[in-house]
Amino acid sequence: MTLKQRTLHLVGALTALALFACSGGDSSPTAPGTPVMQLTQADLQVGGESVAGQTLGPGHGQGQHTFFMAELMLDGAPAPGHEVWVKFDRPGGMMGMNQGQFRLYDDGTHGDPTPGDGVYCLLDTESRYGCHGANMRDGEYHYDFWGQHQAGHESNHEHVRVWVDQN
């Protein structure tokens with residue numbers, strides 16, 4: 001088969017794939033009857049104040065804990081009984097970044113003040129994930145929040161960034 005023939009076959013296959021994807025059938029992101037799960041709020045607080053989108057100076061929040069929270073809705077109502085996760089990337093660690101993920105809770109533990117209200121929380125008392133204090137590295141801290149339905153559906157993502165400048 002010549003290069004021209006291969007190219008024509010590839011273009012034909014891509015065209016068919018595009019037509020199938022745009023057909024409006026079951027290819028929609030949310031199939032009919034699928035619950036609509038939405039993360040409506042995500043925030044980081046140090047000492048009771050939001051630090052989302054801010055630049056933190058030397059020693060900001062030293063002696064305080066970082067409080068992570070996110071509100072999850074299902075079909076427009078609070079969504080207890082599911083999962084909310086946060087993936088983080090922050091300066092330092094191996095290869096210049098410290099990465100991982102952790103879970104928020106809506107069960108009255110881990111700093112969650114009201115169980116079952118659809119507001120998922122984590123109080124970082126060990127400073128494992130936060131972005132404050134005297135020993136924090138300069139740079140940009142990324143936090144990606146999302147919800148997970150019991151049936152495996154994932155909500156939208158909310159991104160929160162904080163900058164640390166110890167100078």
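Ala, Val, Leu, Ile, Met, Phe, Trp, Tyr, Cys and Pro count as nonpolar here, Asp, Glu, Lys and Arg as charged, and the others, Gly among them, as polar. With that in hand, welcome to a set of close-up views of a predicted model.

**View 1. The chain as a whole has one helix and 10 strands.** Reading from the N terminus, the order of elements is α-β-β-β-β-β-β-β-β-β-β. The chain holds 167 residues, and buried residues make up 32% of them. Look out for contacts that reach across the sequence: among those with a separation of 6 or more, 62% join residues 24 or more positions apart.

**View 2. The largest pocket is lined with a mixture of nonpolar, polar and charged residues.** How do the lining residues divide? Five are nonpolar, two are polar and four are charged. You can find them as Phe102, Arg103, Tyr105, His110, Leu122, Leu123, Asp124, Thr125, Glu126, Arg128 and Tyr129. The space in this pocket comes to about 160 Å³. Strands E7 and E8 each supply at least two residues of the lining, and E8 gives the most, with three.

**View 3. The largest nonpolar core brings together 28 residues.** The members that touch the most others are Leu44, Phe68, Phe102, Leu104, Cys131, Tyr143 and Phe145. Two or more core residues come from each of strand E1 (37-46), strand E4 (66-74), strand E6 (83-91), strand E7 (97-104), strand E8 (119-124), strand E9 (139-148) and strand E10 (154-164). Which of these strands provides the largest share? That is E1, with five residues.

**View 4. Leu104 offers a good spot from which to look around the core.** Setting aside neighbours within four places in sequence, Leu104 is in contact with Phe68, Met69 and Ala70, and also with Val84 and Val86. Its further contacts are Tyr120, Cys121 and Leu122, together with Phe145.

**View 5. Five aromatic pairs are counted in the model.** One of them is formed by Phe68 and Phe102, whose rings sit edge-to-face, 4.9 Å centre to centre, with 65 degrees between the planes. The angle is over 60 degrees, so the pair counts as edge-to-face. Phe68 belongs to strand E4 and Phe102 to strand E7, so this pair ties together parts that are 34 residues apart in sequence. Are these two rings buried or exposed? Both are buried: Phe68 has a relative accessible area of 0%, and Phe102 has one of 4%.

**View 6. Phe102 also pairs with Phe88, this time in a tilted arrangement.** The centres of the Phe88 and Phe102 rings are 6.0 Å apart, with 45 degrees between the planes. Here the link runs from Phe88 in strand E6 to Phe102 in strand E7, 14 residues apart. Phe88 has 6% relative accessibility and counts as buried, because the cut-off is under 20%. Widen the view a little and a cluster appears, in which ring pairs link Phe68, Phe88, Phe102, Tyr129 and Tyr143.

**View 7. Thr66 is a buried residue in strand E4.** Its relative accessibility is 0%. What does Thr66 contact, leaving aside neighbours within four places in sequence? One stretch to look for is Leu44, Gln45 and Val46. Thr66 is also in contact with Leu122, Leu123 and Asp124, and with Gly130, Cys131 and His132. Two of these partners, Leu44 and Cys131, are listed among the core residues that touch the most other members.

Notes: Residues are numbered from 1 along each chain as its sequence is written. This is a predicted model: local features need pLDDT of at least 70, side-chain atom pairs count only at pLDDT 80 or more; totals for chains, interfaces and linings use all residues. Side-chain values use heavy atoms; hydrogens and water are left out. A nonpolar core is a set of buried Ala, Val, Leu, Ile, Met, Phe, Trp, Tyr and Cys residues joined through side-chain atoms within 4.5 Å. Buried means under 20% relative accessible area, exposed over 50%, partly exposed in between (1.4 Å probe, protein chains only). Helices (H or I, at least four residues) and strands (E, at least two) are DSSP runs, numbered from the N terminus. Contact means heavy atoms within 4.5 Å. On a 1 Å grid over the protein atoms alone, a cavity is a set of points where a 1.4 Å probe fits but cannot get out, and a pocket is an open set with protein on both sides within 12 Å along at least five of seven lines; lining residues have an atom within 4 Å of a point. Grid points are joined across faces, edges and corners, and a volume is the space filled by probe spheres set on the points. Rings of Phe, Tyr and Trp (its six-membered ring) pair if their centres lie within 6.5 Å; planes under 30 degrees apart count as stacked, over 60 as edge-to-face and the rest as tilted.
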